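Here are some exercises to work through with the structure open in your viewer. Try each task before you read its solution.

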Amino acid sequence: MSTLTALARAQALATGAAQPIATVRHLHLADRPLVFVPLTMAGEANAPLAALVGADPEHPRLLIVPQPRNRDQRFAFAAALAAELLPYVDGLRGVAEAVPIDRGRDVRHRYVDAPQLLVPNAAGISFVRLFGRSTRFRRTDGDYPVHPSVPLLGRWLTFLADRAEHPGSSTLLAMTDALTLHWATGQSAMEDQNLAALLGWISPPPGVSGVVAAAEAEDPAIWPPAGPVTDPGFDNERLAPAIAAYEAALDDEGARLLAYAELERLLRGQLQPTWELMWRGVALLRALPPGARVEPRWAADRDAFTDYANYVESEESYPQPRRDGAVAAAQRLDRLERAQASYAAQRAYDDPLVMAGHRLTGEAFAGVVTMAKPDRVDDTGKRPVLRPRIMVLTSDPVLMAPGAALYSPARPSQKGTVVFVTPAPDGAKTEVVLELSGGMGRSLTPPPGSVPEVGERITYTTLSEAYRPGASFPAREETPWTHGGPPTDHVPTERDATEDWS
Amino acid sequence: MLAWRIRSKWARVTELEQRLARLRGPVPPRRHNARTIAALTGNPGCTRRAVLDSAGVDKQRIAAHVGFPAQSGQSRFAIARGNVFEAQVKADGAAELLRLLRERLGLPIPEVSYDDLDTPDAPDGPDGPEARHARSRELLTGAAGRADAAGLLFDHPLLRLDVAGQPVYLEPDLIALQVEGRFHVVEIKSFAVIDDQADPAKVSAAATQAAVYVLALRQLLTEAGHDPELVSHNVVLVCPRDFSNRPTAALLDVRKQLGTLRRQLSRMARIDALLDQVPEALSFDLAPDTAGAPTRTPAELAAALAAVEARYAPECLSACELAYFCRHEAAGATAALGKSVREELGGIESVEVVLALAAGDRTPTEEQAEAAALLRTAARLRAEALS
Ligand code: SF4
């Protein structure tokens, strides 16, 4: 929470409506996202109870588990979910594009699209991860055979859940996270986890204030929880009798069908409102123009998708291990940290409102160029180099010291080194002199437009978009003994395949 | 001299008891259990909660009567699963549990005797909680003196803890395990541990509840003249493993939770100091008629609540029955938006003041000056980026 966002929350409370904290969309929104609203059985370990799933807002597919403690029915649910997800994933593998690599000497191919799964909240992402975990090791032969689609579903769900931890990835998103990235409400972050309340603030019904809409959204009788946990009142008063009726009717075909239909009706009633909220969220996000760096991030998602799709199809492919080995875990952490830093920089570059947050904390300033020496040459070294200088006048607090390297979203490949920071004669503003290098070609005269001109409004920040090389790690087979030694390949065992699920 | 001191202390205790009884009205105080005691640490700075809990007021009923009922209740599926799991772990003299303790935790338990301290009587039955507690105390303190290495398991011991000067009996579904002369509290929970990972919020709630038992067990040993350190600060958490019904166990260090709990309990032990700040005539008596319906008006009770200072934070929503009332009351306070929001707004309490300072419509006081400058810059930057 930054002061800028905190102020937006205060403004939201005073005006009764959520306030924007972004001017562009910072995530990719697929043309056909797959929306998934799961419910679980209370008390059980991630046991599915029901779900609505689909890419068509008008025609969700309802999946239910009439006896959630029945193992076979759980796997039947998994197979039914696979029948929705796997064709969706496969349908995105039609067209690939050539991407030059190795300085243009070679190409590799990546799919032009990738899956995007949308769930209501962070707990929905946990459901995806755990459901992937409980299905990916299953076998299609042996003691408890499952449908071949079940382990494959598990691997794709695990892929999506792993990817969701990657900052800036859009393949699996929680709607609450997606919305709170762009709007601040007049309630707490904890209350924002309730999708109905959050949307009550962002798009309240006409004539209703956000506070009132959000309060109504907290009544489980009006707005069932967005899952995966169900409302205890619903469990006790409606679900339990309906499950009991189904169990009592097992020997009577007609009664069983009726009881099944009643369960479907009840569970659809719990899911449908959230389903509609999900698409309202999609529409709100779609109305925002995408940030310029959203597409390159989505390309990274497409790379990951292409790689994983190829891996799944290769001969020697295994489900993801239960836990990463020491080297893999360290590499992953390093990757996530670097992704986090570049994601933060990219959002600031794409969005003046995000940049404003960095200006407030002194990591950036914006101002007007008041002086420029575009053809200044530094000839103190072996060979003369072009080192233009500019002076920027700003009203922002400037905390950078001489020597600091700054970058401007307008010219990302150019570095500005701080030479002087002095209070302007009027006392309220600050003058910053910067020496520029890079992004101006090789000659000693800068190409037009490559050096900021007098009068230009410009922003400089310490946030850099430059590629950060990863730390180096020992190869997998050289994992030191202090970290458990080289891991063995995780080949699923009989025990994995037959583990209990009760 | 000594006699006088004792009498005066006695007089103060009864005076306090009378005061708390007046606050509560002519109904028995609400019984605490490990969960409610653990919940006391949720918002330690709140006087309202400390006063109501000390008096044993039924916050749930009060909240409902003033029009802000708490969303409560537990799914019967969850309760059923919890009961099944616990019964399974304890079956056959806790055979499954012992295997785990040996294998997973490497506790050297050669041979174990198992004592179920439960009596068929309810705690209020002819035996009464005092008698049951006495029996637990006898067995537990007896064991504390023994030096033999054999393990001892105690199921359903009835422990006691003082909350705001009142003895509270804790009827845990726990087992106290003694091995090599040291006691470990065993807490059985039915949330899953999958690939050695569990929901951190659930683990931390379990740790706080287990800490309540550690504290009560330590108090019992101290009173019998034993070293409280005989009770380990490492508790044994038993949960279902992965997606199965089979248990797994882990040791959990609850020192941090013990500290928080002790602080809150000692704050409540000094409840008389807190009571000095509230009106003498204050009462949360619902004054039920013969049919049990409250006769006092909601407005009257709401005014009584308002007379005791609260400290609402969004965390109350999952920890206190009065949360919706207090949230409503705190409308317009920056704290209601979250602790971090309030901090980012320079600690200024009211949203209205924040916005006035940000707009430059209000002259900041001396201690607001820094926050005001930041807020003005923030407002300027937001407006500029949104224009
Ligand atoms: S809900 Fe109210 S009474 Fe309860 S802890 Fe929070 S502020 Fe105190």
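The exercises below go from whole chains to single residues, and the model they use is a predicted one.

**Exercise 1. Two chains in outline**

Work out how many helices and strands chain A has, and do the count again for chain B.

Solution. Start with chain A: you should get 13 helices and 17 strands. Chain B gives 14 helices and eight strands. Next, look at burial. In chain A, buried residues account for 51% of the 502 residues, while in chain B the share is 48% of 387. Then take contacts between residues at least 6 apart in sequence. In chain A, 69% of these join residues at least 24 apart; in chain B, the figure is 64%. Last, get the extent of chain A: its C-alpha trace spans about 95 × 60 × 45 Å along the principal axes.

**Exercise 2. The nonpolar cores**

Find which residues touch the most other members of the largest nonpolar core, and which helix gives that core its largest share.

Solution. The largest core has 73 residues, and the ones that touch the most other members are Ile37(B), Leu170(B), Phe183(B) and Phe284(B). Now sort the members by element: helix α7 of chain B, residues 200-223, supplies the largest share, with twelve residues. Then zoom in on Ile37(B). Skip anything up to four places away in sequence, and its contacts are His32(B), Leu161(B), Val163(B), Val168(B), Leu170(B), Val212(B) and Leu261(B). To finish, look for a separate core: a second one has 50 residues, among them Met41(A), Ala50(A), Leu195(A) and Leu266(A). As background, nonpolar side chains tend to be buried together in soluble globular proteins.

**Exercise 3. Around the ligand**

List the residues that surround the ligand, then sort them into nonpolar, polar and charged.

Solution. First, place the ligand: it sits in the largest cavity. Then collect its shell, which is made up of Asn43(B), Cys46(B), Arg48(B), Arg49(B), Ala310(B), Arg311(B), Tyr312(B), Cys316(B), Cys320(B), Leu322(B), Ala323(B) and Cys326(B). Which elements give two or more residues to this shell? They are α3 (47-55) and α11 (323-329) of chain B. Sorting the shell by type leaves you with eight nonpolar residues, one polar and three charged.

**Exercise 4. A helix by the ligand shell**

Decide how many residues of α3(B) are buried, and what that says about its setting.

Solution. Go along the helix and check each residue against the 20% cut-off for burial. Thr47(B), Arg48(B), Arg49(B), Ala50(B), Val51(B), Leu52(B), Asp53(B), Ser54(B) and Ala55(B) are buried. That's nine of nine, so α3(B) is largely enclosed by the rest of the structure. Now step past the end of the helix: Gly56(B) follows, with a positive phi near 70°.

**Exercise 5. Two helix residues**

Work out whether Thr274(A) is buried or exposed, do likewise for Leu374(B), and list what each one touches.

Solution. Thr274(A) is part of helix α9 of chain A, residues 253-286. Its relative accessible area is 1%, so it counts as buried. Leaving out residues up to four places away in sequence, Thr274(A) touches Val37(A), Pro120(A), Leu195(A), Pro224(A), Pro225(A) and Ala226(A).

Leu374(B) is in helix α14 of chain B, residues 369-386. With 32% relative accessible area, it is partly exposed. Beyond neighbours within four places in sequence, Leu374(B) contacts Thr3(A), Leu360(A) and Glu344(B). For a distance check, take Leu345(B), 29 residues away along the chain: its C-alpha atom is 8.5 Å from that of Leu374(B).

**Exercise 6. Backbone oddities**

Find the cis peptide bond that leads into Pro228(A), then look at the phi angles of Asp195(B) and Asp242(B).

Solution. The bond from Gly227(A) to Pro228(A) is cis, with omega near -5°. Pro228(A) is in the loop between α7 (210-217) and α8 (232-248) of chain A.

Now for the aspartates. Asp195(B) isn't a glycine, yet its phi is positive, about 50°. You'll find Asp195(B) in the loop between β6 (182-188) and α7 of chain B, and at 10% relative accessibility it counts as buried. Asp242(B) has a positive phi of about 50° too, again without being a glycine. The loop between β7 (234-240) and β8 (247-253) of chain B holds Asp242(B), which is buried at 5% relative accessibility.

Notes:
Residues numbered from 1 in each chain as written. Chains lettered and ligands numbered in written order. Predicted model: local features only at pLDDT ≥ 70, side-chain atom pairs only at ≥ 80, totals over all residues. Heavy atoms only, no water. Core = buried A, V, L, I, M, F, W, Y, C linked by side-chain atoms within 4.5 Å. Buried < 20%, exposed > 50% of the residue type's maximum accessible area, 1.4 Å probe, protein only. Helix = DSSP H or I, 4+ residues; strand = E, 2+ residues; numbered from the N terminus. Contact = heavy atoms within 4.5 Å. Near = heavy atom within 4 Å. 1 Å grid on protein atoms, 1.4 Å probe; cavity = no way out; pocket = protein on both sides within 12 Å on 5 of 7 lines; lining within 4 Å. Sits in = over half its atoms within 2 Å of the grid points. Nonpolar A, V, L, I, M, F, W, Y, C, P; charged D, E, K, R; others polar.
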